[in-house]
Amino acid sequence: MELYCPQRTSQRIILHLDMDSFYASVEMQDRPEIRGKPVVIGADPKNGKGRGVVSTCSYEARAFGIRSAMPISQAYILCPQAIFLPPDISRYIQVSAEVIAILRSYGFVLQQVSIDEAFLDVSRLGSFTAARELSVTIKKTILARLGLSCSIGAGPGKVVAKIASDFNKPDGLTVVEPDDVKAFLAPLPVRKIPGIGKKSESELFELGIRTIGDLAAYDIQALVARFGQGAVCLHDIALGIDTSEVEERDGIKSLSRETTFDTDTSDPQVISVTMDTLAEDVHRSLVAENLRCKTLTVKVRYQGFVTKTKARTLSHFTDDGRIIKSCAHTLLLELTDGKKIRLLGFRLSSFDKGVTRQTTLPCDQTQNRFS
Ligand SMILES: [Mg+2]
């Protein structure tokens, strides 16, 4: 029947759900004594001498100016009395699975994009009003079952939905109908486009581009000349053109982390320490997921928009942290030639889901906690 109803099938309705300060919220849900306090999840601050960064922080900590990806030492200066906790990734993965199970129960195509984010293609609901109602129901259900709040954005494409979920955090619900996409995007800073960081933002500023509307109005040829072909996609997004599909995935396909340097660097020491942190982080997730991997990929973004990756596929599956780390450094060497680096990333993929994989998580505690 749908074949004869083109208007209905051509209207896409995508939801993007993002848990609010996920790691910190899980910790606060698990430990009532720290609720309502500034909670910072990340590296050990070691009385202000610690290295590493803030992973997530509670909204109470944000009130002190603390942000994700900020050096932990800076977070300590801003709020030494905050509660600093190391990430308990296996616990967050467990809660994440519960969130995804709730989302799956509605029967839409679902794409999990990170531990606390997912897209749903709810086009078959047929209207944005119905999508709004479903979003309200999802938010209520997650809060009732897990004690956690989330923000949802709805729009005719993935990027708009993602920007919308971030629009009114925490506990937000922002619905952007097709006719309102341009007006919604235009006044927002370009930084709101996923993938545009501090650096790209300042390069766009140099061209006088501050808002997404400025970007949409800018000559595409000039953008391509300045930034390369990647600018086409960026320009389309600014115009509200986004046809990428919500892709159902069969379990976890990869585990990755990346970090953008505060200032572009070619300092081998800084780059090496950062690589270590990324490799350790991703390895921890691998172990928490009871997986073994075969393919390792290092990604480097240089000054400007140029990004390169190097990958290696091992002859055997591994979950050995030393092998993973040394391989990461070997790949990194092939990508560093003294040029300044803006971003460093590391990814593990090609997982072994053999018989050794433990699929049952210890859930007695969870049941007590949430019942
Ligand atoms: Mg989140």
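These legends describe views of a predicted model, from the whole chain to one helix.

**View 1. The whole chain of 371 residues.** The fold contains 15 helices and 12 strands. The radius of gyration is 21 Å, close to the 21 Å from the globule rule for 371 residues, so the chain is as compact as a globular protein of that length. Along the principal axes, the C-alpha atoms occupy a box of roughly 60 × 60 × 45 Å.

**View 2. Burial and contacts in the chain.** Buried residues make up 33% of the 371. Among contacts with a separation of 6 or more, 63% join residues 24 or more positions apart.

**View 3. The domain assignment.** Domain 1 is assigned two segments, 2-21 and 90-178. Domain 2 is likewise given as two segments, 32-43 and 51-87. Domain 3 covers 186-238, and domain 4 covers 254-349. Between the centres of domain 2 and domain 4, taken over C-alpha atoms, lie 25 Å.

**View 4. Helix α2, residues 22-30.** Seven of the nine residues in α2 are buried, so this helix is largely enclosed by the rest of the structure. The buried set opens with Phe22, Tyr23 and Ala24. Ser25, Val26, Glu27 and Met28 complete the set.

**View 5. The surroundings of α2.** Which elements do the buried residues of α2 pack against? Four are strands: β1 (14-19), β2 (39-42), β3 (54-57) and β4 (83-85). Helix α5 (89-104) is also a packing partner.

Terms used
Residues are numbered from 1 along each chain as its sequence is written. This is a predicted model: local features need pLDDT of at least 70, side-chain atom pairs count only at pLDDT 80 or more; totals for chains, interfaces and linings use all residues. A residue is buried if 20 or more other C-beta atoms lie within 10 Å of its own, exposed if 12 or fewer, and partly exposed in between; C-beta atoms are placed from the backbone. Helices (H or I, at least four residues) and strands (E, at least two) are DSSP runs, numbered from the N terminus. Two residues are in contact if their C-beta atoms, placed from the backbone, lie within 7 Å. Domain bounds come from an automatic or database domain assignment. The radius of gyration is taken over C-alpha atoms; the globule rule is 2.2 Å times the number of residues to the power 0.38.
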